[in-house]
Amino acid sequence: MTATPDFKLLIGGQLVAGDATMDVINPATEQTVAVCSRASKAQLDQAVAAAKAAFPAWAATSIDERRKALLAMADAIQGALPELSRLLTQEQGKPLQAAMGEVFGAAAFFRYFATLDLPAKTVQDDDKGRVEIRRKPLGVIGAIVPWNFPLILMAFKVPAALLAGNTIVLKPAATTPLSTLKIAELVKDLAPPGVLNVIADANDLGAAITGHPDIRKISFTGSTETGKRVMAGAADALKRVTLELGGNDAAIVLDDVDPVETAPKIFAAAFQNSGQVCIAAKRVYIHESIYDAMCDELGKLADAAVVGDGLEQGTEFGPLQNKAQFDKVLGYIEAGRRDGKVIAGGERAGDTGYFIRPTIVRDITDGSKLVDEEQFGPVLPLIKFSDAADAVARANASDYGLGGSIWAKDAERAWGLAAGMESGTVWINKHADLQPHLPFGGAKLSGVGSELGEEGLKEFTQVQVLNMAR
């Protein structure tokens, strides 16, 4: 007998039970949080059909009406801040304060996109003719979101797609569907039926979404390997794709910084969300003159970190989100132990839950698995360098190019080096600073296209040129 789900799917404006169910696990306790609806392939087809049927009328609505819907959704999300935050902590693991920030941020992203416009642009209007460039919606969007920031990354996609006049089938990650399905329940009546559909799966519907003939664009955030499969699946129908993929962000610390002042900022950049951030600082190149001091300072911060259940007061770092990632990160720690020296952390915390203490590895260099690959967890390699240009070259040698940072008191010197980094975003004296009005995307194997800002909005549109002779 199938268990009654605590959380339902949103298809065609109706909350419906999945054709199957699945348990969602709290990574801090390894216990079931809730029973969740799991969509079948037939229910995915129903969601796409509902989105396709809703598209003509939604595309014909004024942008002002679509803005009103986004603002109403923002209010609904923010109005449920306590409930959504607790749910997010239980399914994802992050501390409650961080979960509250994510919920609030998701509402803010909806509000930001409601400020944008897609005006027609007249490029010629004279006695010979008139030419106007317009932005038209694409149709049904398939949006696929990962487990590290389920709500913020949903808000990178949904409001932009809706504002542009598209309809959506949204799929959260299999291990973190609950807060997204709760939002679906909150906003289901704030847009016409079928405009926003939300399904959940057990990692078995991704290929069906990317290959679905009635979906015109895939917006995907996740690993590079999965992104390659998404792109291949979209190729047959020449679907548009936006792919925000893996990163191995390098932070380069020059010789003029104060280690005591800079170490906490780099520590935060590396270990936010227990290192489960696509744009976390994942390898740090430190000038030899301050290398020992920076290693010492970062080690102290790691030793002082409070790791625990995100619902407990005072917790700074929660668990890894799932057992597969937990096991993978333990493997990276062993690579660090083999190729370098672990000076803080390096072990599991407790016997229950997927907890790993923040881990610092020094005396390691390029060529180690820990340096060359994306660890996506709370372990940070520290690499010594003597020449800044060489450090930039070593940072650029990666196949990834999502983000990076330069740290220096001489900001002009840092600016010049930053321009040479092969990354979609390069920060100076900060890291992982995303703002809704700034486009975000990766170079090389870190992605295709942009999200956020006016550029991100335009990625959900088709250019149409109206060209009239007079």
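In which loop is the place of Phe-376? In this predicted model, Phe-376 is in the loop between α12 and β16 (379-385). The legends below begin with that residue and then turn to other close-up views.

**Figure 1. Phe-376 and its aromatic partner Trp-147.** The backbone of Phe-376 has a phi near 50 degrees, a positive value in a residue other than glycine. Most residues other than glycine have a negative phi. Phe-376 has a relative accessible area of 14% and, because buried means under 20%, is classed as buried. A search of the whole structure finds seven aromatic pairs. In the pair formed by Tyr-112 and Phe-113, the ring centres lie 5.1 Å apart and the planes stand at 65 degrees, so this pair is edge-to-face. The rings of Trp-147 and Phe-376 are likewise edge-to-face, with centres 5.6 Å apart and planes at 80 degrees. Trp-147 lies in the loop between β7 (140-144) and α5 (150-163), and Phe-376 in the loop between α12 and β16, so their pairing ties together parts that are 229 residues apart in sequence. Both Trp-147 and Phe-376 are buried.

**Figure 2. Tyr-112, Phe-113 and an aromatic cluster.** Tyr-112 is buried, with a relative accessible area of 15%. Phe-113, its partner in the edge-to-face pair, is also buried, and its relative accessible area is 0%. Elsewhere, Phe-109, Phe-156 and Phe-440 form one aromatic cluster.

**Figure 3. Asp-363, a residue with positive phi.** The phi of Asp-363 is near 55 degrees, and this residue is not a glycine. Asp-363 sits in the loop between β15 and α12 (369-372). With a relative accessible area of 41%, Asp-363 is partly exposed.

**Figure 4. Glu-244, listed by UniProt under "active site".** The listing of Glu-244 comes from an unreviewed UniProt entry. Glu-244 belongs to strand β11, which covers residues 240-244. The residue is buried, with a relative accessible area of 2%. Leaving aside neighbours within four places in sequence, Glu-244 is in contact with several residues, including Leu-153, Phe-220, Thr-221, Gly-222 and Cys-278. Also among its contacts are Leu-402, Phe-440, Ser-446 and Glu-451. Of these, Phe-440 is a member of the aromatic cluster with Phe-109 and Phe-156. For the wider setting, UniProt places the feature "domain: Aldehyde dehydrogenase" (unreviewed entry) at residues 20-465. That span is 40% helix and 22% strand, and its end C-alpha atoms lie 46 Å apart.

**Figure 5. The salt bridge between Glu-451 and Lys-157.** Glu-451, a contact of Glu-244, meets the side chain of Lys-157 in a salt bridge with an N to O distance of 2.9 Å. Glu-451 lies in the loop between β21 (447-448) and α15 (453-458) and Lys-157 in helix α5, so the bridge ties together parts that are 294 residues apart in sequence. Glu-451 is buried, with a relative accessible area of 3%. Lys-157 is buried as well, with a value of 1%.

**Figure 6. Arg-357, buried without a salt bridge.** Arg-357 occupies the loop between β14 (341-344) and β15 (359-362). The nearest side chain of opposite charge belongs to Glu-347, which is 4.4 Å away; a salt bridge requires a nitrogen and a carboxyl oxygen within 4 Å, so this separation does not qualify. A polar atom of the Arg-357 side chain lies 2.9 Å from the backbone oxygen of Ala-305. Not counting residues up to four places away in sequence, Arg-357 touches Ala-302, Asp-303, Ala-304, Ala-305 and Val-307, among others. Its contacts also include Gly-345, Gly-346, Glu-347, Ala-349 and Pro-378.

**Figure 7. Salt bridges of Lys-182 and Asp-189.** The count for the structure comes to 31 salt bridges. In one of them, Lys-182 is joined to Glu-185, the closest N and O atoms being 3.2 Å apart. Both residues lie in helix α6 (residues 178-187), three residues apart, about one turn of the helix. Lys-182 is buried, with a relative accessible area of 12%, whereas Glu-185 is partly exposed at 37%. Asp-189 forms a salt bridge with Lys-188, with closest N and O atoms 3.2 Å apart. Asp-189 is exposed, with a relative accessible area of 59%, and Lys-188 is partly exposed at 26%. In addition, salt bridges that share partners join Asp-64, Arg-67 and Asp-117 into one network.

Conventions:
Residues are numbered from 1 along each chain as its sequence is written. This is a predicted model: local features need pLDDT of at least 70, side-chain atom pairs count only at pLDDT 80 or more; totals for chains, interfaces and linings use all residues. Side-chain values use heavy atoms; hydrogens and water are left out. Helices (H or I, at least four residues) and strands (E, at least two) are DSSP runs, numbered from the N terminus. Buried means under 20% relative accessible area, exposed over 50%, partly exposed in between (1.4 Å probe, protein chains only). Lys and Arg count as positive and Asp and Glu as negative; His and the chain ends are not counted. A polar contact is a pair of N or O atoms within 3.5 Å; within protein, one must be able to donate a hydrogen and the other to accept it, and residues adjacent in sequence count only if both atoms are side-chain atoms. Contact means heavy atoms within 4.5 Å. UniProt positions are given in the numbering used here, feature names are shortened, and annotations may be inferred rather than shown by experiment. Rings of Phe, Tyr and Trp (its six-membered ring) pair if their centres lie within 6.5 Å; planes under 30 degrees apart count as stacked, over 60 as edge-to-face and the rest as tilted.
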